[in-house]
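User: Hi! Could you walk me through a few local details of this model? I'll throw short questions at you as we go.

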Amino acid sequence: MFKRNVSVLLAFVMLAVLFLALPSKQAHASDAYDDLRAKRKEMLTGGTSYSTSDPDIAAQITTITTRAQLYWDTMTTPPVSYVWSDLASRWETVQVTSSYNRLYAMALAYSTYGSSLYNNASLKTAIIAGLDWLYTNRYNETKTEDDKWWDWEIGIPNALNDTVILLYDQLTSTQITNYMNAVYHFSSDPTKMMGTATSSGANRVWKSRVVGLRGIIIKDSDTITAAKNALSPVFDYVTSSDGFYRDGSFIQHAYFSYNGGYGLSLIDDIANLLYLLDGSTWEITDPDVANVYKWVYDSFEPFVYKGSLMALTRGREMSRDYSTDHGKGAAIGQAITRLSTFAPTADAMAFQQMVKYWIQSDTYRSFYTNCPIPIIVLAKSIMNNSAVTPRGELIAHKQFYSMDRAVHLRPGFGFALSMSSSRIGTYESLSNNIENKKGWYTGDGMTYVYDSDLSQFDDNFWPTVNPYRLPGTTVDTMTRANNSGASYRNSSARAGGADIAGLYGVSGMSLYGWNSSLTALKSWFMFDDEVVALGAGITDSSQTGNGWDGIARKVETIVENRKLNSAGSNTLTVNGVDETATSSWTQSGVNWAHLAGNGSGSDVGYYFPGGATVKGLREARTGNWNAINENGSTTNATRSYQALWFDHGTNPTNQAYTYALLPGKTSAQMSSYASIPDIDVLENSTSAQAVKEKTINVIGANFWEDALKWIQVGGTNLISSNKKASVMTKETTDDFEVAVSDPTRLNTGNIAIEINRSAASIFSVDAGVNVTQLSPTIKLSVNVNNAKGKTFHAKFSFIPTPSVLLMDEDFDTGTTGSAPAGWTVDSPTGASTTIAAVPSASDKSMKLADSSTTTFTYAKKSFVAQTGETTFEFQAMAAQTSSTTGFHVRNTSGTSAITVAFGSSGDLYTYYGATQTNLQTYTANTWYTFKIVARPATDTFDLYINGTQVVANQSFRNAVTSVSEVYLNSPIALTGTFYYDEIQVYH
């Protein structure tokens with residue numbers, strides 16, 4: 001009995017001691033502040049309702065635990081001169097931030113359900129000892145801000161606030177007051193940074209987070225309200241400096257593209273703050289919050305390719321070994337997952353479909369790697385929801401005018417382009433020049449091809465790629481010092497482009513090399529399955545000693561520098577010859593090349609119109625992250641690369657280049673493409689650069705001068721502009737679309753565009769576009785004042801049905817062996833076979849057949865003579881490919897204005913003037929549908945085959961002033977049969 005009473009007494013004593021040891025604040029009832037604090041804690045830890053047996057959650061628990069144990073094991077106990085020996089500096093604030101981050105990591109393990117360190121009393125004691133030592137010695141209200149302001153005002157307090165939230169119930173009121181006084185001392189006002197400067201962009205959101213969480217911790221409504229209100233300007237679009245632009249750009253530090261860096265941090269914190277305050281007294285109700293959902297579509301979605309966040313919008317962060325494409329892709333997926341929990345219904349579903357596709361398509365890195373437990377839970381609920389269908393591949397073209405970027409997304413590949421100008425810097429280093437030390441040319445037109453090789457720009461790409469040979473760039477091959485030219489903006493404002501139909505685009509930049517006289521005009525034309533790159537005016541007198549360094553060195557344009565497989569054995573084919581075993585080579589007359597990829601769907605083809613002299617180099621390169629970022633690992637990595645480039649020589653003057661990238665093409669497909677390319681380079685000069693993609697009937701053009709300039713083909717005018725501009729046109733059988741932009745953003749007036757094409761009516765025009773003429777040419781004036789580089793669109797309709805039908809023949813009636821009514825059919829003397837059968841029982845078409853060896857046989861029919869635009873539509877078929885027959889448009893004198901013929905060599909051809917031009921090969925016994933639009937007044941015609949335009953604005957075979965007859969001929973010594981059917985003529 002005595003022992004039992006003693007035990008009971010001791011138990012009461014222990015409970016009393018424990019009760020007295022608890023902070024007095026535990027006595028109050030839960031309130032709105034406590035609810036928010038508990039909500040934030042669950043956002044950090046995931047609570048206790050998840051399954052610890054889930055392999056991804058278990059892996060994250062292990063990561064959290066292992067990291068915390070490492071930090072705990074390396075702490076000094078108790079802290080005397082420092083908390084960690086490798087973070088002992090009193091002057092480097094980044095080390096203080098790192099110390100607080102380590103304590104937060106330990107607090108997270110202490111608070112994570114399922115961790116072996118969960119509620120570990122000794123760990124708690126160690127964390128609090130570290131917090132107290134840092135407060136006393138490194139971060140308190142008596143300290144003066146020095147070194148890096150970001151650490152004092154954002155980095156340290158962010159980590160400290162969350163640590164306090166995790167350990168709130170384990171801390172005394174005095175400790176919490178001390179820590180929060182320090183936070184207030186350095187971050188009392190979310191609208192300010194460094195004491196007086198106005199915070200903006202990501203910095204303002206970070207500051208608001210610091211102030212808002214402090215307000216929750218100290219239970220001060222005014223503080224939370226100040227943080228909430230400070231966010232309102234962030235929701236607004238900006239027109240200069242830092243923030244989100246309506247075109248999808250995000251700028252930080254005034255001159256740098258940062259969607260995937262500061263922009264990612266901003267939207268992640270915005271998502272968390274919106275979620276945290278949702279439903280509370282301090283819920284954010286600013287109507288411009290709706291812009292946040294637009295940012296997802298405009299500023300982030302285009303940059304994520306199968307879970308990988310493109311590097312061209314991550315600024316100096318691309319040089320950080322822990323900041324990988326796929327890691328950052330997962331991070332934006334996490335932010336969007338959080339947004340989907342409270343976004344409007346339609347957006348929430350779209351966000352979940354987006355994230356589901358990224359998670360499924362990223363086979364390189366698991367989305368759940370290093371993913372916070374609460375986000376794992378949310379993401380898995382999306383993945384397990386059959387009502388959420390994956391979005392699928394995004395097909396789109398986006399011009400980001402405000403940050404000199406473009407993204408082109410097509411089935412099977414993505415293409416990205418990074419430019420610079422007087423507005424946007426070539427690259428950023430900052431951080432005392434310790435980061436991104438070799439990013440010299442990343443803004444000089446670097447191109448990225450994304451495909452099924454998901455590791456191409458990950459897996460140690462940046463520390464091993466040759467920084468002098470980045471794809472797409474034209475460089476003066478001077479030796480560069482680390483950080484040289486950082487933040488350089490060239491003297492030209494000309495960078496940007498235009499887009500059309502949301503699918504295709506043209507971009508261009510005027511290059512002025514850093515510390516060099518190198519200049520070049522560079523254009524990219526982004527079509528359906530190819531990207532065409534043109535360069536003109538490549539000039540560099542730096543080597544001549546005229547005030548520059550006078551050292552002779554080459555100027556190069558890099559076509560490719562692609563990372564190979566681990567063995568470096570990817571097959572390279574040049575003009576059909578395997579060049580894999582040749583490490584270094586130079587070849588002239590290169591028409592095409594093909595590089596086998598790292599897996600199915602990752603091959604890349606290269607086409608060089610007219611042949612070119614190309615250099616190639618296959619090399620294994622060794623490097624480490626520390627060489628490009630002093631915070632990076634010193635462990636070396638080796639990767640193999642295949643480079644292709646043009647050598648413009650030393651002291652080049654007005655040099656040029658032309659090539660096309662064709663991602664996903666096989667070697668056989670490249671050989672076929674090179675023999676019959678889908679593109680025509682219309683001009684590549686210092687006045688204009690223009691390309692036509694024939695299969696989709698799209699033309700892109702960059703006009704480089706403020707002077708009237710026509711793009712021509714064979715002396716025939718196509719498109720003109722009177723000012724610097726990017727222009728695109730797209731034509732179908734029913735309509736014609738024009739897109740125009742001012743990439744300089746300096747034009748305060750109008751751009752006058754003329755198209756040598758007529759239209760029936762205006763379908764639609766953007767505000768600022770004034771159409772002044774529809775026929776005989778289309779003329780429009782585009783007011784680009786204050787347009788900031790955006791594209792203006794105008795769409796025109798053609799006449800969909802004939803207004804006056806001049807001829808309509810379907811040959812469904814008639815007598816076999818007789819000429820159709822109104823037709824004249826001539827059988828030459830000596831012909832041994834019937835030349836006309838209308839109709840036959842089987843085909844109901846006009847047949848022409850003849851075995852004469854002396855003359856043509858023909859059928860013809862006249863209609864009312866026409867001087868205006870006249871359209872001919874018909875079907876034709878050749879029963880063999882051994883002879884020639886043709887459809888002719890003639891005048892009353894029998895002069896052929898237009899001929900479309902099935903050639904004896906299996907070619908479909910027409911004439912541009914008197915020159916026969918082969919259009920494509922044809923297959924015997926196959927019907928083809930033709931449409932000819934003839935314009936006698938301008939001596940031009942268009943031709944469509946099976947709905948695709950193959951000829952535009954070409955001159956007649958013979959000039960005539962009117963057309964009045966259809967003439968069908970069969971050749972001499974024909975042994976087979978030709979067929980014509982469904983002929984319509986109308987105007």
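**Pocket, helix and backbone**

Analyst: Happy to, and let me start with a pocket: the lining of the second largest pocket divides into twelve nonpolar, ten polar and five charged residues. Keep in mind that this is a predicted model.

User: Thanks! How much space lies in that second largest pocket?

Analyst: About 700 Å³.

User: And which residues lie nearest its centre?

Analyst: Of the 27 residues that line the second largest pocket, Ile676, Pro677, Lys694, Leu919 and Val950 lie nearest the centre.

User: Which elements give two or more residues to the lining?

Analyst: One helix and four strands do: α17 (667-675), then β24 (679-684), β43 (907-912), β44 (915-921) and β47 (948-955).

User: Which one gives the most?

Analyst: That would be β47, with six residues in the lining of the second largest pocket.

User: Nice. Switching topic, what about helix α6, how many residues does it have?

Analyst: Helix α6 has 19 residues, 149-167. From first C-alpha to last, α6 reaches 27 Å, close to the 27 Å expected at 1.5 Å a residue.

User: Where does α6 bend?

Analyst: At Pro157, by about 35 degrees.

User: Is α6 mostly covered or mostly exposed?

Analyst: Mostly covered, as 18 of the 19 residues of α6 are buried.

User: On to the backbone. Which peptide bond is cis in the loop between α3 and α4?

Analyst: The bond from Thr77 to Pro78 is cis, with omega near -10 degrees. Pro78 lies in the loop between α3 (55-73) and α4 (93-111).

User: And what about the bond that joins Ser775 and Pro776, cis or trans?

Analyst: Cis as well, with omega about 5 degrees. Pro776 sits in the loop between β33 (769-773) and β34 (778-783).

User: Why do you point these out?

Analyst: Because most peptide bonds are trans, and in a similar way most residues other than glycine have a negative phi.

User: Okay, then what is phi for Lys306?

Analyst: Phi of Lys306 is near 50 degrees, a positive value in a residue that is not glycine. Lys306 is in the loop between β6 (304-305) and β7 (308-309).

User: How about Asn483, is phi positive or negative there?

Analyst: Positive, at about 70 degrees, although Asn483 is not a glycine. Asn483 is found in the loop between β12 (474-476) and β13 (495-500).

User: Why does Asn483 count as buried?

Analyst: Because its relative accessibility is 14%, and buried means under 20%.

Technical notes
Residues are numbered from 1 along each chain as its sequence is written. This is a predicted model: local features need pLDDT of at least 70, side-chain atom pairs count only at pLDDT 80 or more; totals for chains, interfaces and linings use all residues. Side-chain values use heavy atoms; hydrogens and water are left out. The expected span of a helix is 1.5 Å times one less than its number of residues. The bend at a residue is the angle between axes fitted to the seven residues ending there and the seven starting there. Buried means under 20% relative accessible area, exposed over 50%, partly exposed in between (1.4 Å probe, protein chains only). On a 1 Å grid over the protein atoms alone, a cavity is a set of points where a 1.4 Å probe fits but cannot get out, and a pocket is an open set with protein on both sides within 12 Å along at least five of seven lines; lining residues have an atom within 4 Å of a point. Grid points are joined across faces, edges and corners, and a volume is the space filled by probe spheres set on the points. Ala, Val, Leu, Ile, Met, Phe, Trp, Tyr, Cys and Pro count as nonpolar, Asp, Glu, Lys and Arg as charged, and the others, Gly among them, as polar.
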